[in-house]
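I opened this entry to look up burial, helix packing and aromatic pairing. The notes follow the order in which I checked them.

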Amino acid sequence: MVKRFLLAAALTLTATMSTTSASAFSPAPDGSPNASPFGPACSAIEGSLTDIAGQPVGTAVSEVSELSTLSDALEQAGLTDKLNSAEDLTVFAPTNEAFEAIPQETRDKLMADKAQLTKILSNHVVEGKNEPADLEDATLTTLGGGEVTAKGSEDNLMVDDAKVVCGNVPTKNATVYVIDKVLMPK
């Protein structure tokens, strides 16, 4: 239970990247037909995609400048290593802008409260490497024990009230969907 919670928290922070056209990227190492990233914000991370594909998700997030706040939060919560050692995850990674939308005073308190930070981050991680088709109308249980609802498809994919701006980003042990909002537990 604790392992699932920590994994969810770590994945939550990694879900904030944006999306661009899938044609701009090479297929994922697994060669699956839907392996290409998609969404308007993918172009911002295009240079990182080759580097992160073979890395575990906790490390991969730290390689993407648009996810640096998530990376810092994962470190602060002690979740980076837990995410790196987990198998087959989906991480909804909030962008830096998603974190900046939280008032500074609230953000500072959150970053200083490891238990609360872990709870929020765990709300961004689910078990299994979910492909876009798996998220088209799905209710998913997070590693923190809560639920998130995914709806839509590809360029219109939403997770709760967050828009996926770059989806289907492969890492060694996870599929990352960068989102434009931090998912708060319900």
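Before sorting residues, I fixed the terms: a residue is buried under 20% relative accessible area and exposed over 50%. I also keep in mind that the model is predicted.

Overall make-up. I find eight helices and eight strands in the protein chain, and buried residues make up 53% of its 186 residues. The chain exposes about 8,100 Å², of which carbon and sulfur atoms supply 47%. Among contacts with a separation of 6 or more, I note that 70% are between residues 24 or more positions apart.

Helix α2. Looking through residues 42-52, I listed C42, I45, S48, L49 and I52 as buried. Viewed down the axis of α2, these buried residues fall within an arc of 135°, so they line one face of the helix. On the other side of α2, I noted G47 and T50 as exposed. I then asked what the buried residues of α2 pack against, and found α3 (57-62) and β7 (162-170).

Aromatic rings. I searched for aromatic pairs and the count came to one. It is formed by F92 and Y177, whose ring centres are 6.0 Å apart with the planes at 40°, so I entered the pair as tilted; the tilted class needs an angle that is neither under 30 degrees nor over 60. The pair links distant parts of the chain, since F92 belongs to strand β2 (residues 89-94) and Y177 to strand β8 (residues 174-179), 85 residues apart. Finally, I checked burial of the two partners: F92 counts as buried because its relative accessibility is 0%, and Y177 counts as buried at 0% relative accessibility.

Definitions and conventions. Residues are numbered from 1 along each chain as its sequence is written. This is a predicted model: local features need pLDDT of at least 70, side-chain atom pairs count only at pLDDT 80 or more; totals for chains, interfaces and linings use all residues. Side-chain values use heavy atoms; hydrogens and water are left out. Helices (H or I, at least four residues) and strands (E, at least two) are DSSP runs, numbered from the N terminus. Buried means under 20% relative accessible area, exposed over 50%, partly exposed in between (1.4 Å probe, protein chains only). Contact means heavy atoms within 4.5 Å. Accessible areas come from the Shrake-Rupley method with a 1.4 Å probe; for residues, only the protein chains shown count as cover. Rings of Phe, Tyr and Trp (its six-membered ring) pair if their centres lie within 6.5 Å; planes under 30 degrees apart count as stacked, over 60 as edge-to-face and the rest as tilted. The arc is that of the directions from the helix axis to the C-beta atoms.
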